[in-house]
Amino acid sequence: MNDIFQAGADDVEIIQRERCFSGFYNLDRFRLRHRLFRGGMGAEIERELFVRHDAVCVLPYDPQRDEVVLVEQFRVGAMAHGDNPWLVETVAGLIDKDEQPEEVARRESIEEAGLELGELWPVSVYYPSPGGSTERIHLYVGRCSSINAGGVFGLEEEGEDIRAAVWSLDNALEALRDGRIDNAATIIALQWLALNRDEIREAWI
């Protein structure tokens, strides 16, 4: 097994932390030094950090029908990059204070897709962009019934306009392969489900 460096109290020296912007999200600027693999401390570096809440993503899956429910909505990041800004994604939401990730998964599934979830299967907890953001993603597959699923959902007061649709798992995997699904949480969730489909179906049917 490969050893992974475990940081101690003296391995990062924060020289200055400055709040550059404060809003729904925050932006901080750090001046710091950190331990080098070859030994000793490195030179002072400057980094900007996007400070935001952790989030939950959940892929609703009907094991009986071997179907997933995916949502489609406008994303400003894709627009600014010059791509089609309507992305096909998992259900997702930010974790508020005093909330557990499982609570968020169930709440957002109702708000974004009109779905009541059964069992939740934890997939992973990961950093989507650790080079510049504090956010961690709690990723799940959630048991659902896809019968009569689909429609337009979202909270009007939050400017949400979300279309939920039922996909066969095979069609969703095909969309992943040809690039129609191109965001990290959905790619990870679908690939994980493809690898673990038999185990999930055996446990949930």
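**Exercise 1.** Determine which residue stands opposite Glu 18, and place the pair in its sheet.

*Solution.* Glu 18 stands opposite Arg 29 in S2. The model is predicted: local features require pLDDT of at least 70 and side-chain atom pairs pLDDT 80 or more, whereas totals for chains, interfaces and linings use all residues. Residues are numbered from 1 along each chain as its sequence is written, and side-chain values use heavy atoms, without hydrogens and water.

Next, consider the pairing. Nine bridges connect S1 with strand S2 (residues 26-34), and the two run antiparallel; strands are DSSP runs (E, at least two residues), helices likewise (H or I, at least four), and pairing requires at least two DSSP bridges.

Finally, the sheet is open, with three strands in the antiparallel order S1-S2-S3. Strand S1 (12-22) and strand S3 (45-51) are at the edges with a single partner strand each, so one side of each lacks a neighbour in the sheet.

**Exercise 2.** Identify the largest nonpolar core and the elements that supply it.

*Solution.* A nonpolar core is a set of buried Ala, Val, Leu, Ile, Met, Phe, Trp, Tyr and Cys residues joined through side-chain atoms within 4.5 Å; buried means under 20% relative accessible area, exposed over 50%, partly exposed in between (1.4 Å probe, protein chains only). The largest core has 27 residues, and Leu 59 and Leu 190 are among those with the most contacts inside it. Strand S4 (55-62) and helix H4 (184-204) are among the elements that each supply at least two of its residues. H4 gives the largest share, seven residues.

**Exercise 3.** State where Met 79 lies and whether Met 79 is buried or partly exposed.

*Solution.* Met 79 lies in helix H1 (residues 76-81). Its relative accessible area is 44%, so Met 79 is partly exposed.
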